[in-house]
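Got your viewer open? Load the model below and get your selection box ready, then follow along stop by stop.

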Amino acid sequence: MEIIALPVAASLMVLALLHAYWGTGGLWPGSSRDTLAAQVFGGPPGTPMPSVTACYAVAGLLILASWLVLAASGLLSAAGWPTGLIRSGAFGVAGVFVLRGGLGYALPRLTSGNPTFARLNRAIYSPLCLGLGALTLLSLLG
């Protein structure tokens, strides 16, 4: 269902841009590397942000995920890749997001050392991941 795949892919691209921004040294929504790490990465206070390479790697994976969602829905060319592989990749994208979103609720002890991240994870990150995963599945099954 193209009408669902397009906003999912657009959301993934926005997230990719955000990770690339962090890779360039951007601090939003924090005011320093420490506050940014506390808000978006988790871990106990003082945990450093992931490396520039890690930020760009996540951005690249999010771009790939966006392409898979669009290609599986027929909105973008599959560039010669087999349809089954594209669809499997898109189902993998859905699975990763559902798993990440579910674990954000099922394993709260992972974020217990950082109350700021735990609060944001419950209110924003986990629901966003569950929503992206569910909508990706819906776009593939519709």
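Start by selecting Phe97: leaving aside residues up to four places away in sequence, Phe97 touches Leu12, Leu62, Cys129, Leu130, Leu132 and Gly133. Contact here means heavy atoms within 4.5 Å.

Some housekeeping: this is a predicted model, where local features need pLDDT of at least 70, side-chain atom pairs count only at pLDDT 80 or more, and totals for chains, interfaces and linings use all residues. Numbering runs from 1 along each chain as its sequence is written, and side-chain values use heavy atoms, with hydrogens and water left out.

Next, widen the selection to Val8, Leu12, Leu62, Val69, Val93, Phe97 and Leu132, the residues with the most contacts inside the largest nonpolar core, which has 20 residues. Such a core is a set of buried Ala, Val, Leu, Ile, Met, Phe, Trp, Tyr and Cys residues joined through side-chain atoms within 4.5 Å; buried means under 20% relative accessible area (1.4 Å probe, protein chains only). Color helix 1 (2-23), helix 3 (52-73), helix 4 (83-106) and helix 5 (115-141): each supplies at least two residues of this core. Helix 3 gives the most, with 7 residues. Helices are DSSP runs (H or I, at least four residues), numbered from the N terminus.

Now pick Leu36, Val40, Phe117 and Leu120, which are among the 9 residues of a second, separate core.

Keep Phe117 and add Tyr125; both are buried. How far apart are the ring centres of Phe117 and Tyr125? They sit 5.6 Å apart with planes at 35 degrees, so the pair is tilted (centres within 6.5 Å, planes neither under 30 degrees apart, which is stacked, nor over 60, which is edge-to-face).

Last stop: Leu6, in helix 1, touches Leu70 and Leu75, not counting residues up to four places away in sequence.

Conventions
Buried means under 20% relative accessible area, exposed over 50%, partly exposed in between (1.4 Å probe, protein chains only). Rings of Phe, Tyr and Trp (its six-membered ring) pair if their centres lie within 6.5 Å; planes under 30 degrees apart count as stacked, over 60 as edge-to-face and the rest as tilted.
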